[in-house]
Amino acid sequence: MRASRTIALLLLLQSRHTMTAAELAAELEVSERTVQRDIAALLEAGVPVYAERGRGGGYRLVDGYRTRLTGLERAEAEVLHLAGLPGPLRDMGLAAHALAARLKVAAALGDAPAAAARRFHLDAPAWFRDPETPPLLAEVSRAVWEDRVLDARYAARGGTRRRRLEPYGLVLKAGQWYVAARGPSGRIASYRVDRFETAEAGDERFDRDPDFDLADYWTTAAREFTRAVLRERAVVRLSPLALRNLPVLLEPTAATDALATAGPADPDGWVTVTLPLETWDIGYFELLRLGPEAEVLHPPELRARLADAARRTAALYA
């Protein structure tokens, strides 16, 4: 561990030129005292590090010195495509590999990676919520990266059950973590990581299907899941304004399926669609967002509920 940290420190100095002990400690997630010991170890190894005192000072390498320790290890190379996800990398326990990979790339390419990082950042979680890291995410991630069988207890709707899973990949969707894994049935399914009550990556490894594509799987699975929960149907007239804004106001799959059922427009531009809804209660609140731009034709219970809401709203503003 110390050897890899010392190399990381050396690569930091090579790419950043001058860094204080506090800055190095923050990057490496150690104490300043540990940084000082690592600097001493570099000096003993013949690396020309020196300290500049005063304002703007810090540790730096003698001008012109460059290390050749820039070869990427397997784990470091594997996390490079996640370099824009510092939060998720940390949550999965891969921050150390990611830091080493970034430093080696920076050492080889100069300032180019830093220039890219200044211009692009991917913020994965959804707005208006603080994502919580599932406590067992790091262990599930280790099983995914090392192709290890995962022994777990999973809290499903029918109760907590023991699962023996072959985890193929992790997906972060709007702040929620999922693992795509092959279960006892032999079929790959999605499991919410925060529903694992226990999870242990054992010594047993599994043979990964080389044809499995995580992105393709997730696209199909997410679409199927959404359609499975959209169990109710309402017949609704939509104004031209509601029609234009339906993809923004409703879940994308629901909006797409509704627009596919649109009939011809009447003389005022209104069209009738069949709108998929998760439940009548959820549909009630979703249709309230459309206000006077939508008229429910069926079912009569939902129409009456929205008519009552319109009367009560009008009374508030009378």
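Me: Are H12 and H13 parallel or oblique to each other?
Reply: In this predicted model, the axes of helix H12 (residues 280-288) and helix H13 (residues 300-316) come within 11 Å and cross at roughly 45°. Angles under 35 degrees count as roughly parallel and 65 to 115 as roughly perpendicular, with over 145 reserved for roughly antiparallel. The relation of H12 and H13 is therefore oblique.

Me: In which hand does H12 pass H13, and how many nonpolar residues does the contact of H12 with H13 hold?
Reply: The crossing of H12 past H13 is right-handed. On the H12 side the contact is made by Trp280, Asp281, Tyr284, Leu287 and Leu288, and on the H13 side by Leu302, Arg305, Leu306, Ala309 and Arg312. Three of these residues are charged and none is polar, and the nonpolar ones number seven.

Me: Are H10 and H11 roughly parallel or roughly antiparallel to each other?
Reply: Helix H10 (residues 240-249) packs on helix H11 (residues 252-260) at an angle of about 150°, and their axes are 8 Å apart. An angle over 145 degrees counts as roughly antiparallel. H10 and H11 are therefore roughly antiparallel.

Me: Which residues in H11 does H10 meet, and into what classes does the contact divide?
Reply: From H10, the residues Leu243, Leu246 and Pro247 meet Ala255, Ala258 and Leu259 in H11. No polar and no charged residue belongs to this contact of H10 with H11, and its six residues are nonpolar.

Me: Which strands stand at the edges of the open sheet?
Reply: The sheet has five strands in the order E7-E6-E5-E4-E8, with antiparallel pairing. The twist from one strand to the next averages 45°. Each edge strand has a single partner strand, so one side of each is left without a neighbour in the sheet; these are E7 (188-192) and E8 (196-205).

Me: Over how many bridges do E4 and E8 pair, and what stands opposite Arg153?
Reply: Strand E4 (residues 148-156) pairs with E8 in the antiparallel sense, over six bridges. Opposite Arg153 stands a residue in E8, namely Thr198.

Me: Over which residues does pLDDT stay under 50?
Reply: The protein chain averages a pLDDT of 82, and 78% of the residues score at least 70. Where pLDDT is low, predicted coordinates should not be read in detail. One stretch has 12 contacts beyond four places in sequence in the model, although its pLDDT stays under 50: residues 77-81.

Conventions. Residues are numbered from 1 along each chain as its sequence is written. This is a predicted model: local features need pLDDT of at least 70, side-chain atom pairs count only at pLDDT 80 or more; totals for chains, interfaces and linings use all residues. Side-chain values use heavy atoms; hydrogens and water are left out. Axes are lines fitted to C-alpha atoms, for helices over the stretch in contact, and angles run from 0 to 180 degrees between N-to-C directions. Helices (H or I, at least four residues) and strands (E, at least two) are DSSP runs, numbered from the N terminus. A crossing is left-handed if the near helix is turned anticlockwise from the far one by less than a right angle, and right-handed if clockwise. Contact means heavy atoms within 4.5 Å. Ala, Val, Leu, Ile, Met, Phe, Trp, Tyr, Cys and Pro count as nonpolar, Asp, Glu, Lys and Arg as charged, and the others, Gly among them, as polar. pLDDT is the predictor's confidence in each residue, from 0 to 100. Two strands pair if DSSP finds at least two bridges between them.
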